[in-house]
Amino acid sequence: MAAVTADQTTQSTSGTAEAAGQAVGTAPDAADAARLAVFDAAVAADDRIEPRDWMPEAYRATLVRQMAQHAHSEIIGMQPEANWITRAPSLRRKAILMAKVQDEAGHGLYLYSAAETLGTSREELLDKLHAGRQRYSSIFNYPTLTWADVGAIGWLVDGAAITNQVPLCRCSYGPYARAMVRICKEESFHQRQGYELLLALSRGTEAQHAMAQDAVDRWWWPSLMMFGPPDDASSHSEQSMAWKIKRHSNDELRQRFVDIAVPQAEALGLTLPDPDIRWNEERGQHDFGAIDWTEFQEVLKGNGPCNEQRITQRRRAHEEGAWVRDAAAAYAAKHTTPSTRTAQPAQHVEETA
Ligand SMILES: [Fe+2]
Ligand SMILES: [Fe+2]
């Protein structure tokens with residue numbers, strides 16, 4: 001799944017000086033001004049900013065935070081669905097779910113690697129996640145109570161993630177944009193497998209249909225919250241839009257998602273739990289009901305149903321994986337000792353590189 005969700009992208013720590021593209025505490029000199037002009041021109045021309053290019057510190061900090069939270073969401077997002085791998089109803093469903101959960105681990109790896117190009121290490125980012133200093137998407141703090149939740153997550157949560165993430169393929173920072181191209185292709189399969197799973201349940205027995213409906217009832221509103229606070233309450237979106245990290249506002253993306261989901265729900269034979277959804281002829285879009293932002297804020301504060309469980313399990317997985325990291329580091333060290341390097345002539349290394 002997953003998700004860079006706007007609830008993460010809008011939590012900027014940048015202050016006013018940073019927002020103006022300056023390092024905090026330093027007056028811009030002429031060289032800085034010239035570099036900033038080059039950066040601004042590249043962004044304006046839709047060129048990609050690459051790791052070695054000069055960039056404002058606030059741009060770098062915003063990207064690190066967004067990419068880290070995106071990466072954290074990918075790996076924490078493995079938990080609610082992995083919960084059902086051992087109980088998948090058939091070998092086919094089990095194989096699909098295992099592949100999906102593995103994809104999410106891969107998405108985390110691409111994104112931690114992309115964040116490393118900005119001068120931060122994966123270790124540092126994981127430490128911040130484990131210490132509660134960086135967030136992951138709130139959606140993963142909800143429980144997966146039945147098998148139908150696997151379908152609802154694929155259809156709605158991966159669906160919302162795609163709506164958020166497709167514009168990130170055009171993000172101004174090259175490594176992030178390129179990672180998103182591959183991620184979006186995989187997310188698209190995730191969404192389709194969820195839809196297909198729900199369709200099978202919806203057309204199954206009465207009890208299966210009811211299970212599918214119940215899952216959609218529980219996941220619909222949290223999925224809408226994935227786009228983050230309404231535009232008028234989202235204070236940092238504007239700078240991200242100017243930098244072309246973010247391309248559309250939270251409300252625009254949420255509306256786009258609703259307009260896609262409504263006909264899909266009809267095709268599934270399921271009802272969205274919002275009596276206010278109706279087509280607005282004048283706007284050419286669907287109207288929908290008010291979101292309970294109090295619930296969103298509570299989950300964000302750590303009071304969601306599974307916040308504690310998710311982070312505890314993540315810390316435990318990290319501790320239990322220590323021997324794998326140690327072994328990998330020992331292996332790498334063994335192959336970069338001076339004796340190994342001198343054993344191979346430089347010419348040979350170049351030819352086989
Ligand atoms: Fe996914
Ligand atoms: Fe993902």
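pLDDT is the predictor's confidence in each residue, from 0 to 100. Keep that in mind, as this model is predicted.

**Exercise 1. Work out where to trust the model and where to be careful.**

Step 1: Start with the whole chain. The average pLDDT is 89, and 87% of the residues score at least 70.

Step 2: Look for weak spots. Over residues 4-25 the pLDDT is below 50, yet this stretch has 63 contacts in the model beyond near neighbours in sequence.

Step 3: Check the other weak stretch. Residues 345-353 also stay under 50, and here the model has one contact beyond four places in sequence.

Step 4: Draw the lesson. Where pLDDT is low, the predicted coordinates should not be read in detail.

**Exercise 2. Describe the overall build of the chain.**

Step 1: Take the secondary structure. You'll find 17 helices and two strands in the protein chain.

Step 2: Ask how much is hidden. Of the 353 residues, 49% are buried.

Step 3: See how far contacts reach along the sequence. Take the contacts between residues at least 6 apart in sequence: 80% of them join residues at least 24 apart.

**Exercise 3. Classify glutamine 165, alanine 148 and serine 113 as buried, partly exposed or exposed, and describe their surroundings.**

Step 1: Get the cut-offs straight. Buried means under 20% relative accessible area, exposed means over 50%, and partly exposed is in between.

Step 2: Place glutamine 165. This residue sits in helix 8, which covers residues 148-165. Its relative accessibility is 0%, so glutamine 165 counts as buried. Now look at its side chain, which makes a polar contact with the side chain of histidine 70 at 3.0 Å.

Step 3: Place alanine 148. Alanine 148 belongs to helix 8 too. With 0% relative accessibility, alanine 148 is therefore buried. Leaving out residues up to four places away in sequence, alanine 148 touches Leu198, Leu201, Met211, Ala212 and Ala215. You can also find glycine 194 in space: its C-alpha is 8.9 Å from that of alanine 148, although the two are 46 residues apart in sequence.

Step 4: Place serine 113. Serine 113 is in helix 6. Its relative accessibility is 34%, so serine 113 counts as partly exposed. Serine 113 and alanine 179 are 66 residues apart along the chain, and their C-alpha atoms are separated by 9.3 Å.

**Exercise 4. Compare the backbone and burial of aspartate 46 and lysine 244.**

Step 1: Read phi. For aspartate 46, phi is near 65°, which is positive in a residue other than glycine. Lysine 244 has a positive phi as well, near 60°, and isn't a glycine either.

Step 2: Find the loops. Aspartate 46 lies in the loop between helix 3 (30-44) and helix 4. Lysine 244 lies in the loop between helix 11 (237-242) and helix 12 (250-268).

Step 3: Sort them by burial. Aspartate 46 has 47% relative accessibility, so aspartate 46 is partly exposed. Lysine 244 has a relative accessible area of 19%, so lysine 244 is buried.

**Exercise 5. Describe the two largest pockets by volume, lining and residue class.**

Step 1: Take the largest pocket. Its volume is about 690 Å³. There are 23 lining residues, and Ile75, Arg314, Ala317, His318 and Arg325 lie nearest the centre.

Step 2: See who builds the wall of the largest pocket. Several helices supply at least two lining residues each, among them helix 4 (57-76), helix 6 (91-116) and helix 15 (322-334). Helix 14 gives the most, with six residues.

Step 3: Sort the lining of the largest pocket by class. You get twelve nonpolar, five polar and six charged residues.

Step 4: Move to the second largest pocket. Its volume is about 300 Å³. Its lining has 17 residues, with Arg135, Tyr136, Leu300, Gly302 and Asn307 nearest the centre. Helix 7, helix 13 and helix 14 give two or more residues each to this lining. By class, the lining of the second largest pocket holds six nonpolar, seven polar and four charged residues.

**Exercise 6. Count the cavities and describe the second largest one.**

Step 1: Count. Three cavities have a volume of 30 Å³ or more.

Step 2: Take the second largest cavity, with about 60 Å³ of space. Ten residues line this cavity, and the closest to its centre are Ser138, Ile139, Pro222, Met225 and Phe296.

Step 3: Trace the lining of the second largest cavity. Helix 10 (206-225) and helix 13 (293-303) each supply at least two residues. By class, this lining divides into seven nonpolar, two polar and one charged.

Key: Residues are numbered from 1 along each chain as its sequence is written. Chains are lettered from A and ligands numbered from 1 in the order in which they are written. Side-chain values use heavy atoms; hydrogens and water are left out. On a 1 Å grid over the protein atoms alone, a cavity is a set of points where a 1.4 Å probe fits but cannot get out, and a pocket is an open set with protein on both sides within 12 Å along at least five of seven lines; lining residues have an atom within 4 Å of a point. Grid points are joined across faces, edges and corners, and a volume is the space filled by probe spheres set on the points. Helices (H or I, at least four residues) and strands (E, at least two) are DSSP runs, numbered from the N terminus. Ala, Val, Leu, Ile, Met, Phe, Trp, Tyr, Cys and Pro count as nonpolar, Asp, Glu, Lys and Arg as charged, and the others, Gly among them, as polar. Contact means heavy atoms within 4.5 Å. Buried means under 20% relative accessible area, exposed over 50%, partly exposed in between (1.4 Å probe, protein chains only). A polar contact is a pair of N or O atoms within 3.5 Å; within protein, one must be able to donate a hydrogen and the other to accept it, and residues adjacent in sequence count only if both atoms are side-chain atoms.
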